Amino acid sequence: MGDRWIEIGHGFWNLRGSFKIGGVVEIRTHISLVRLADGRFVFLDAYSLDDECRREADGLIAGREVAGILNLHPFHTVHVARMHAQYPQARLYGTARHLQKFPDLPWEAQRCEDAAMHALFQDDLQFSIPAGVDFISRNENVHFSSVLAYHPASRTIHSDDTLMYLRMGPPFGWLGFSDSVRFHMTLGQALERRAGAAADFRNWAGELQANWQSAENLCTAHLDNLLATDNRGAGIPERIGGALQGVEKVLARHERKHG
């Protein structure tokens, strides 16, 4: 597959894998490996590792315990069963939708959207779930919401769909188009149909920007990663603020309709 682990920062590695819409349009997907302060490891999300990627991961883990596989996006399910088969001793965590879709897998009681799961890894990881939007949409084409994870030791945010990074390579970069961090295009469909939902989302995004002020790297499931070593523009917190400004028309339209 040609996919390889990349060291993002202290104790954090990311692998960008293949995911094609309709088997044709490549939009990529990802998985991250995090070394905890106590020496154990966790995977953020799932991906079917080929032999070489598996050897690389096992070399990084070096025989230490894999404490868990954390499936953070309710609609990212393609590789869940295969990932569990590759690391069957790792505790398996998922959202309510994962448990519903794969009832025969040995899921832990704590779901990824629950504070109880977040507390298990609070010494190493911080988690955030967008407010004002459906976490699991009834429309299975709306994949906006996920559990975002932040690893302070490496200053890295791991995001599935919710935050996306669009890199403007040739020829667009040559023409003056800038790269950008954006919220997923399904926000308008994901917002809860109630008064105050847009304000709740706006407040959540502002808190994310403030609480994760030290972030320097953004690993996103689709398109590209934005790393400190490559960033020639604003920092990650400022870019999150820019992403919020970019959806203000969507939020305002929702407020006009629902309050």
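## Aromatic pairs, cores and sheets in a predicted model

In this predicted model, the count of aromatic pairs comes to 10. A pair of aromatic rings is described by the distance of the centres and the angle of the planes. One of these pairs is formed by Phe-183 and Trp-204, whose rings lie 6.2 Å apart from centre to centre, with 50 degrees between the planes, and this pair is tilted. It links distant parts of the chain, since Phe-183 belongs to strand 13 and Trp-204 to helix 6, with the two positions 21 residues apart in the numbering. Both partners, Phe-183 and Trp-204, are buried.

Trp-204 also pairs with Phe-201: the ring centres are 5.5 Å apart and the planes stand at 40 degrees, so this pair too is classed as tilted. Here the partners are three residues apart in helix 6, which means that about one helical turn separates Phe-201 from Trp-204. Phe-201 is buried, as is Trp-204. The two pairs are set side by side in the table.

| Pair | Centre to centre | Angle between planes | Class |
|---|---|---|---|
| Phe-183 and Trp-204 | 6.2 Å | 50 degrees | tilted |
| Phe-201 and Trp-204 | 5.5 Å | 40 degrees | tilted |

Together with Phe-144, the residues Phe-183, Phe-201 and Trp-204 form one aromatic cluster. A ring elsewhere in the chain has a charged partner: the charged end of Arg-54 sits over the ring of Tyr-87, at 4.3 Å from the centre of that ring.

### The nonpolar cores

The largest nonpolar core has 28 residues, and the members that touch the most other members are Ile-157, Leu-163, Phe-183, Leu-187, Phe-201 and Leu-251. At least two residues of this core come from each of strand 10 (148-151), strand 12 (163-166), strand 13 (180-183), helix 5 (187-190), helix 6 (197-211) and helix 7 (236-246). Helix 6 gives the largest share, with five residues. Apart from this core lies another one, of 23 residues, including Phe-41, Phe-43, Cys-53 and Ala-90.

Which residues surround Phe-183, if its neighbours within four places in sequence are left aside? Phe-183 is in contact with Phe-144, Thr-162, Leu-163, Phe-201, Trp-204, Ala-205, Ile-240, Ala-243, Leu-244 and Val-247.

A loop residue can be followed in a similar way. Leu-191 lies in the loop between helix 5 and helix 6, and because its relative accessibility is 1%, Leu-191 counts as buried, the cut-off being under 20%. Not counting residues up to four places away in sequence, Leu-191 touches Gly-132, Val-133, Ala-197, Ala-198, Phe-201, Val-250, Leu-251 and His-254. The C-alpha atoms of Leu-191 and Asn-231, which are 40 residues apart along the chain, are separated by 31 Å.

### Two open sheets

Six strands form an open sheet with mixed pairing, in the order 1-2-5-6-7-8. Strand 1 (5-9) and strand 8 (92-93) are its edge strands, each pairing on one side only. Strand 1 and strand 2 run antiparallel and are joined by four bridges; at one of these positions, Glu-7 has Trp-13 in strand 2 as its bridge partner. The hairpin made by strand 1 and strand 2 has two residues between the strands, and in it Gly-11 takes a positive phi near 75 degrees.

Is strand 2 (residues 12-17) mostly covered or mostly uncovered? Strand 2 is mostly covered, with six of its six residues buried. Phe-12, Asn-14 and Arg-16 point one way from this strand, while Trp-13, Leu-15 and Gly-17 point the other way, and all are buried. Strand 2 is also joined to strand 5 (residues 29-35) by six bridges, the two strands running antiparallel, and Phe-12 stands opposite Val-34 in strand 5. Towards the other edge of the sheet, strand 7 (residues 66-70) and strand 8 run parallel and share two bridges, with Leu-70 having Tyr-93 in strand 8 as its bridge partner.

A further open sheet has four strands in the order 9-10-11-14, again with mixed pairing. Strand 9 (126-128) and strand 14 (217-220) stand at its edges with a single partner strand each, so one side of each is left without a neighbour in the sheet. On average, neighbouring strands of this four-stranded sheet are turned by 20 degrees against each other, direction ignored. Strand 9 and strand 10 pair in the antiparallel sense over three bridges, and the bridge partner of Ser-128 is Leu-148 in strand 10.

Notes:
Residues are numbered from 1 along each chain as its sequence is written. This is a predicted model: local features need pLDDT of at least 70, side-chain atom pairs count only at pLDDT 80 or more; totals for chains, interfaces and linings use all residues. Side-chain values use heavy atoms; hydrogens and water are left out. A nonpolar core is a set of buried Ala, Val, Leu, Ile, Met, Phe, Trp, Tyr and Cys residues joined through side-chain atoms within 4.5 Å. Buried means under 20% relative accessible area, exposed over 50%, partly exposed in between (1.4 Å probe, protein chains only). Contact means heavy atoms within 4.5 Å. Rings of Phe, Tyr and Trp (its six-membered ring) pair if their centres lie within 6.5 Å; planes under 30 degrees apart count as stacked, over 60 as edge-to-face and the rest as tilted. A charge sits over a ring if NZ of Lys or CZ of Arg is within 6 Å of the ring centre and within 35 degrees of the ring normal. Two strands pair if DSSP finds at least two bridges between them. Axes are lines fitted to C-alpha atoms, for helices over the stretch in contact, and angles run from 0 to 180 degrees between N-to-C directions.
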